[in-house]
Amino acid sequence: MSTPTDEHDQGIWLTQDAYDRLKAELDQLVANRPAMAAEINARREEGDLKENGGYHAAKDEQGKQEGRIRQLTDLLRKAQVGEPPTKVTHAATGTVITIRFEGDDDTEKFLLGSREIAGTTALTVYSPESALGSAIMGAKPGKKVTYQAPNGRDITVEVVGIEPFVP
């Protein structure tokens with residue numbers, strides 16, 4: 001079991017609880033494959049495939065399930081599972097970041113980590129691959145960074161604080 005540290009903040013960090021939840025979802029989807037194949041075969045028996053809505057719906061559902069299986073398999077393969085870092089000096093996966101948008105006195109606090117962990121915390125979760133997440137990765141308190149929002153606008157934020165995530 002690996003734990004993200006200041007020297008080792010690559011990959012996707014997940015708590016053991018989040019990992020177990022996603023693994024259970026993956027196992028359920030894989031176990032459901034025979035039932036899905038049987039459903040498709042049953043719908044195929046209903047007649048002309050061009051006008052068979054049940055068959056096409058079953059095939060669409062199978063495609064969604066296979067996509068989720070691939071997504072979960074990849075995520076779990078890359079995941080770093082364990083406790084969040086207990087000592088932090090800069091923004092890294094598994095840390096809680098407090099930022100202030102330029103021109104605003106209010107601060108925003110969020111967890112920098114996989115969005116799959118969002119179901120286990122009340123904090124907003126930003127992925128390290130998101131525009132904001134990648135811009136602040138490695139930043140220390142007091143640093144200002146600018147990133148491009150999806151609408152094309154440049155946004156500047158100041159990293160106000162960094163603390164360990166407490167699940």
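Domain bounds here come from an automatic or database domain assignment. On that basis, the chain is divided into domain 1 (12-81) and domain 2 (95-164). Their centres, taken over C-alpha atoms, are separated by 32 Å.

Let me state the basis of these values. This is a predicted model, in which local features need pLDDT of at least 70 and side-chain atom pairs count only at pLDDT 80 or more, while totals for chains, interfaces and linings use all residues. Residues are numbered from 1 along each chain as its sequence is written, and side-chain values use heavy atoms, with hydrogens and water left out.

I turn to the interface. With contact meaning heavy atoms within 4.5 Å, 11 residues of domain 1 are in contact with six residues of domain 2. The size of an interface is often given as the accessible area lost when the parts come together. Domain 1 and domain 2 bury about 660 Å² between them, 62% of it on carbon and sulfur atoms; this buried area is the accessible area (1.4 Å probe) that two parts lose on being put together, summed over both.

What of salt bridges? A salt bridge is a side-chain nitrogen of Lys or Arg within 4 Å of a carboxyl oxygen of Asp or Glu. The structure holds eight salt bridges, but the rule finds zero across the interface of domain 1 and domain 2. Arg33 forms a salt bridge with Glu66, and the closest N and O atoms of this pair are 2.8 Å apart. Arg33 lies in helix α2 (residues 33-44) and Glu66 in helix α3, so the pair ties together parts that are 33 residues apart in sequence. Such helices (H or I, at least four residues) are DSSP runs, numbered from the N terminus.

Note on methods
Helix = DSSP H or I, 4+ residues; strand = E, 2+ residues; numbered from the N terminus.
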